[in-house]
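Let's take a walk through this model, starting at the metals and ending at the ligand beside them. Have the viewer open as you read.

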Amino acid sequence: MDELLWEKIDREQPVAPHILAKMEEMRKKRMILPELKYIKRPAMIEGIRKAGEVNTAVLDEVGKHIRAGMTTQEIDDIVADCTAKHGAICAPLHFEGYPKSVCTSINNVVCHGIPSRLRKLHDGDIINVDCTTILDGYYADASRMFLIGNVSEERKRLVEETKKCLEAGLAAAQPWATVGDIGYAVSKYAHSKGYSVVRELGGHGVGLEFHEDPFVAHIGKRGTGMVLVPGMVFTIEPMINMGKAGVMIDPYDDWTIYTKDGSDSAQWEYTILITETGNEILTY
Ligand code: MF3
Ligand code: CO
Ligand code: CO
């Protein structure tokens with residue numbers, strides 16, 4: 001977001017005094033607090049909420065059409081067309097040189113899979129489709145898993161339990177809790193099911209930019225890391241592996257992240273708002 005616009009909103013909609021007072025109280029207890037620029041104001045939240053509605057509609061549209069035999073490029077086409085119809089922009093396209101409008105990550109691909117005319121969806125595949133929408137300058141980011149045709153029980157279980165990892169993180173994402181509480185909840189659930197948690201990538205602040213502070217690790221210690229202040233908007237997006245946690249990056253395209261051991265991986269992502277009473281999902 002443009003700095004002048006941010007300053008205008010900051011002037012008209014400053015952070016409420018009781019929030020500032022509580023932040024000060026926690027700072028004295030040596031907790032890590034966000035900069036005020038990461039506490040979104042009502043006008044910004046409205047903008048992000050609208051971007052989130054479009055992002056959710058785009059993922060719904062993907063869900064209507066995704067099927068065996070389709071290429072991941074066709075998914076890219078659906079996302080690009082649907083986003084444009086809503087008057088919005090796909091954030092991934094040209095982001096740090098990324099070549100497509102969406103990420104499509106199949107089976108042992110952890111994230112950042114690049115759509116291709118050469119990759120068809122096969123019966124039994126599991127795929128993550130990760131969309132980020134920009135509407136009127138505001139960003140919203142979410143991803144879902146899709147089961148293609150007849151999927152093995154083992155893969156189905158991974159997909160379902162990964163969603164429960166996200167839900168465990170969501171339940172921990174309470175006002176005045178910490179980022180570490182989220183990572184603790186996610187990893188505790190994942191490990192209880194025998195899965196491992198990817199460490200190198202995580203959730204992130206979002207809204208005025210694609211990736212903002214804080215980094216939201218999906219492992220962590222309770223009560224550590226940045227405090228979750230009402231008005232913060234960030235993603236929770238656990239990447240959960242059937243095998244070991246290690247990942248590697250494709251040396252040719254420099255984007256695709258694979259599991260090191262070749263095991264399957266799943267991911268679900270929401271953008272959420274911390275409110276004074278809990279949280280609100282802005283896109284899913
Ligand atoms: N949407 C991803 C995330 O959840 C980021 C993708 S970056 C891209 O943060 F360039 F690959 F699109
Ligand atoms: Co995403
Ligand atoms: Co994200």
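Which residues are the protein donors of the cobalt ion (ligand 2)? They are Asp130, which gives two OD atoms, Asp141 with an OD and Glu269 with an OE, lying 2.1 to 2.4 Å from the ion. Donors here are N, O and S atoms within 2.8 Å of the metal (3.2 Å for Na, K and Ca), and water is not among the atoms, so sites may look incomplete. Before going further, note that this is a predicted model, where local features need pLDDT of at least 70, side-chain atom pairs count only at pLDDT 80 or more, and totals for chains, interfaces and linings use all residues. Residues are numbered from 1 along each chain as written, chains are lettered from A and ligands numbered from 1 in written order, and side-chain values use heavy atoms, without hydrogens and water.

Along the chain, the donors of ligand 2 follow the spacing D-x10-D-x127-E. Asp141 also bridges to a second cobalt ion, ligand 3, and the two ions lie 3.2 Å apart. For ligand 3 the protein donors are Asp141 (OD), His204 (NE2), Glu237 (OE) and Glu269 (OE), at 2.0 to 2.2 Å. Their spacing reads D-x62-H-x32-E-x31-E.

What about geometry? The six donor atoms around ligand 2 subtend angles of 58 to 167°, so the arrangement is irregular. Around ligand 3, the six donor atoms subtend 51 to 162°, which makes that arrangement irregular as well. For six donors, octahedral would need opposite donors over 155 degrees apart and all others between 65 and 115.

Now for ligand 1. It is surrounded by 14 residues (a heavy atom within 4 Å), and the closest are Asp141, His204, His211, Glu237 and Glu269. The shell divides into six nonpolar, four polar and four charged residues. As for polar contacts (N or O pairs within 3.5 Å), a polar side-chain atom of His211 lies 2.8 Å from an oxygen atom of ligand 1. The side chain of His204 has an N or O atom 3.0 Å from a ligand oxygen, while Asp130 places a polar side-chain atom 3.1 Å from a ligand nitrogen.

Notes:
A polar contact is a pair of N or O atoms within 3.5 Å; within protein, one must be able to donate a hydrogen and the other to accept it, and residues adjacent in sequence count only if both atoms are side-chain atoms. Ala, Val, Leu, Ile, Met, Phe, Trp, Tyr, Cys and Pro count as nonpolar, Asp, Glu, Lys and Arg as charged, and the others, Gly among them, as polar. Four donors count as tetrahedral if all angles lie between 85 and 135 degrees; four count as square planar and six as octahedral if opposite donors are over 155 degrees apart and all others between 65 and 115; anything else is irregular.
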